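Got the model open? Let's walk through it with a few questions and answers.

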Amino acid sequence: MHLSRFPRVTLCHAPTPLEHLPRLSRHLGGPEIFIKRDDCTGLASGGNKTRKLEFLLGDALEKGATHLVTQGATQSNHVRQTAAAAAKFGLRCTALLETRVADAAPEYYANGNVLLDRLFDCALETRPAGLDMNQELVAVGERLSAAGETPYLIPGGGSNAIGALGYVACAQELLMQANERRLRIDHVVHATGSCGTQAGLLAGLLGMNSGIPVLGIGVRAPREKQEANVHALLKQTWEHLGLPGEPARETVRANCDYVGDGYGIPTPGMIEAVEILARLEGILLDPVYSGKGMAGLIDLIRRGEFKQGQNLVFVHTGGSAGLFGYRGTFAP
């Protein structure tokens with residue numbers, strides 16, 4: 001897969017580290033756990049959206065954009081990284097923040113990612129939960145066009161066929177690291193939400209005939225909907241890459257048993273996972289995505305779904321800035 005034929009800018013500190021987690025592995029008494037540190041991508045404290053934004057910004061600049069428009073939840077990691085990327089390339093940025101978590105503590109609405117959005121001079125607009133947020137993007141784009149701007153609309157999470165190329169690149173990078181270390185990877189696990197990370201990883205790993213299955217731990221939608229959304233984006237990404245045939249539906253697997261009461265709402269498993277990784281490995285997870293993703297992985301290991309002798313890679317999608325919006329959860 002020749003990714004250099006697609007417009008792209010440089011944002012990511014790559015390759016990100018692939019680290020063994022020996023203390024966590026011993027603590028759980030199961031497989032050997034490795035972590036792909038995409039919290040270390042560099043832009044605005046890092047995270048998985050940086051990889052997607054390399055291709056999205058490349059496309060935006062090629063099309064003469066002057067203003068990036070995107071959307072996400074109040075504590076969106078994607079919005080924070082998009083705002084930083086816009087600042088780096090001298091573009092304006094408007095973000096629509098959807099109030100998905102009701103009645104949160106004051107710091108949820110003003111600290112963490114929201115504070116960083118403002119530091120990057122991102123124009124923030126709020127929207128109530130339940131709207132068609134991508135349609136809201138279109139309306140803002142039309143308003144900006146009428147004002148003489150050239151807007152470039154980026155969907156939530158940067159998750160379209162262009163953004164997913166970032167995780168095709170990550171799949172290539174991961175295989176290169178594994179081959180250099182003679183590390184057999186039996187499974188890749190990560191938090192899945194807007195689908196671009198999982199679709200990109202699958203397109204890359206399937207396209208290279210790696211034989212490595214990917215499990216997404218859902219943070220929002222029910223399993224059937226999540227898998228259908230990932231598969232739809234996987235097919236679009238596959239077509240965008242010009243690969244032959246069509247990826248099979250059964251290659252897409254999501255486990256959505258760890259969402260709890262809803263998106264962004266803390267669970268006991270998430271709290272435990274964040275504390276375990278901090279105290280055993282000195283690694284910060286986030287309360288919305290990687291925390292629930294790791295909670296799922298820990299529980300599945302305890303249930304015997306993954307066993308001794310296997311090597312698992314957890315893709316850390318970043319987001320530790322969000323912890324500061326959840327102070328009361330971790331330091332009541």
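Q: Which residue forms a salt bridge with Arg37?
A: Keep in mind that this is a predicted model. Arg37 belongs to strand 2 (residues 32–37) and its partner to strand 1 (residues 18–20), so the pair ties together parts that are 18 residues apart in sequence. The closest N and O atoms are 3.2 Å apart, and the partner is Glu19.

Q: Is Arg37 buried or exposed?
A: The cut-off for buried is under 20% relative accessible area. Glu19 has 28% and is partly exposed. Arg37 comes in at 12%, so it counts as buried.

Q: Which residue forms a salt bridge with Glu173, and how far apart are the closest N and O atoms?
A: Glu173 sits in helix 7 and its partner in helix 2, so this contact ties together parts that are 122 residues apart in sequence. Glu173 is buried at 10% relative accessible area, and Arg51 is buried too, at 4%. So who's the partner, and at what distance? It is Arg51, with the closest N and O atoms at 2.8 Å.

Q: Which residues are linked with Arg51 and Glu173 in a network of salt bridges?
A: The structure holds 20 salt bridges, and Glu173 with Arg51 is one of the pairs. That pair also belongs to a network. The other members are Lys36 and Asp38.

Q: Is Arg92 buried or exposed?
A: Arg92, in strand 4, meets Glu149, in the loop between helix 6 and strand 6, and the two are 57 residues apart. Their side chains form a salt bridge at 3.1 Å, N to O. Glu149 is buried at 18%. Exposed means over 50%, and Arg92 has 52% relative accessibility, so it counts as exposed.

Q: Which strands stand at the edges of the open sheet?
A: Four strands make up this sheet, with parallel pairing and the order 5-4-3-6. An edge strand here has a single partner strand, so one side of it is left without a neighbour in the sheet. That description fits strand 5 (123–128) and strand 6 (151–154).

Q: Which residue in strand 6 does Val69 stand opposite?
A: Strand 3 (residues 67–73) pairs with strand 6 in the parallel sense, over four bridges. Across that pairing, Val69 stands opposite Leu153.

Q: Which helix lies across strand 3, strand 4, strand 5 and strand 6?
A: Helix 2 (residues 49–62) lies across strand 3 and strand 6, at about 155° to strand 6. The helix asked for covers residues 133–146 and runs at about 155° to strand 3. That's helix 6.

Q: Which helix gives the most to the largest nonpolar core?
A: Nonpolar side chains tend to be buried together in soluble globular proteins. The largest core here has 57 residues, and Leu3, Leu53 and Tyr152 are among those that touch the most other members. Elements giving two or more residues include helix 2, helix 8 (196–207) and strand 10 (311–316). The top contributor, with nine residues, is helix 7.

Q: How many residues does the second, separate core hold?
A: Leu53, a member of the largest core, touches Val9, Leu43 and Ile154, among others. The second core is separate and includes Tyr258, Leu280, Leu300 and Leu312. Its count is 27 residues.

How values were computed: Residues are numbered from 1 along each chain as its sequence is written. This is a predicted model: local features need pLDDT of at least 70, side-chain atom pairs count only at pLDDT 80 or more; totals for chains, interfaces and linings use all residues. Side-chain values use heavy atoms; hydrogens and water are left out. Two strands pair if DSSP finds at least two bridges between them. Contact means heavy atoms within 4.5 Å. Axes are lines fitted to C-alpha atoms, for helices over the stretch in contact, and angles run from 0 to 180 degrees between N-to-C directions. A nonpolar core is a set of buried Ala, Val, Leu, Ile, Met, Phe, Trp, Tyr and Cys residues joined through side-chain atoms within 4.5 Å. Buried means under 20% relative accessible area, exposed over 50%, partly exposed in between (1.4 Å probe, protein chains only). A salt bridge is a side-chain nitrogen of Lys or Arg within 4 Å of a carboxyl oxygen of Asp or Glu. Lists of a residue's contacts leave out its neighbours within four places in sequence.
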